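Me: Hi! I have a structure open and would like to go through it with you. Can we start with what sits inside?

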Amino acid sequence: MGSIKSGLFISLDGVTEAPDTWHFGYFNEEMGNAVGSLMGGNDAMLLGRRTYDEFAGYWPNADADDPMTKQMNGTQKYVVSNTLTRPDWENTTVVGGDDVYDQLRALKADQNLGITGSGTLVRSLLAEGLLDELHLLVHPVVLGAGQRLFEGSAKVPLKLVSSATFSTGVLHLVYANE
């Protein structure tokens with residue numbers, strides 16, 4: 001049986017939007033190891049449409065000698081979307097339609113899927129009981145505005161599996177569905 005794990009950069013006030021504008025000052029070797037570990041155990045990436053568009057706009061043209069570029073481009077990717085019909089980024093398959101959760105259950109049956117970003121997708125998977133682990137990298141900053149991870153969400157009980165504090169003050173919290 002496979003799994004679905006998500007990793008998100010999040011501010012103290014729950015903002016996950018545009019981490020490229022606020023998170024890099026906290027990125028260090030500890031966080032790099034945590035992110036690398038989270039990405040390393042996956043058979044494929046699972047992405048929401050907006051995150052897919054951002055990644056597909058960058059990684060295909062990134063430095064080909066960078067190992068991260070090779071990993072991002074070479075990895076199998078599944079993008080959850082009802083509007084994307086022909087993905088341009090290599091190794092990408094669209095998952096959509098009325099039976100999207102059934103398709104995701106089938107993928108999860110024999111693959112380990114990792115989600116980076118994609119807050120809307122994460123919320124829906126939590127609500128459906130499909131997310132096995134939620135990794136939150138909580139940054140010690142209040143942004144005051146931006147899309148929040150749990151805004152408008154229904155109650156979903158979670159169990160804290162592990163926690164770590166990085167030297168930058170970032171908390172790495174790992175939750176599982178109860």
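Me: Which residues does Leu125 touch, leaving out those up to four places away in sequence?
Reply: Happy to help! This is a predicted model. In it, Leu125 touches Ile4, Leu46, Tyr101, Leu104, Ile115, Leu130 and Leu131, not counting residues up to four places away in sequence.

Me: Cool. Which members of the largest nonpolar core touch the most other members?
Reply: That core has 24 residues, and those touching the most other members are Leu46, Leu104, Ile115, Val122, Leu125 and Leu131.

Me: And which elements give two or more residues to this core?
Reply: There are strands β1 (3–11), β2 (44–48), β3 (76–80), β5 (112–116) and β6 (133–139), along with helices α4 (100–110) and α5 (119–128). The largest share, four residues, comes from α5.

Me: What does the second core include?
Reply: It is a separate core of eleven residues, and Trp59, Met72, Val79 and Trp89 are among them.

Me: New topic: helix α3. Which of its residues are buried?
Reply: Helix α3 spans residues 67–74, and its buried residues are Thr69, Met72 and Asn73.

Me: Why are they on the same side of α3?
Reply: Because they cover an arc of only 90° around the axis.

Me: What covers them?
Reply: The cover includes α1 (29–40), β2, α2 (49–58) and β3.

Me: And which exposed residues are on the face turned away?
Reply: Pro67 and Lys70 are the exposed residues carried there.

Me: Last one: what does Asp66 do at the start of α3?
Reply: One of its side-chain oxygens reaches to within 2.8 Å of the backbone nitrogen of Met68.

Conventions. Residues are numbered from 1 along each chain as its sequence is written. This is a predicted model: local features need pLDDT of at least 70, side-chain atom pairs count only at pLDDT 80 or more; totals for chains, interfaces and linings use all residues. Side-chain values use heavy atoms; hydrogens and water are left out. A nonpolar core is a set of buried Ala, Val, Leu, Ile, Met, Phe, Trp, Tyr and Cys residues joined through side-chain atoms within 4.5 Å. Buried means under 20% relative accessible area, exposed over 50%, partly exposed in between (1.4 Å probe, protein chains only). Contact means heavy atoms within 4.5 Å. The arc is that of the directions from the helix axis to the C-beta atoms. A polar contact is a pair of N or O atoms within 3.5 Å; within protein, one must be able to donate a hydrogen and the other to accept it, and residues adjacent in sequence count only if both atoms are side-chain atoms.
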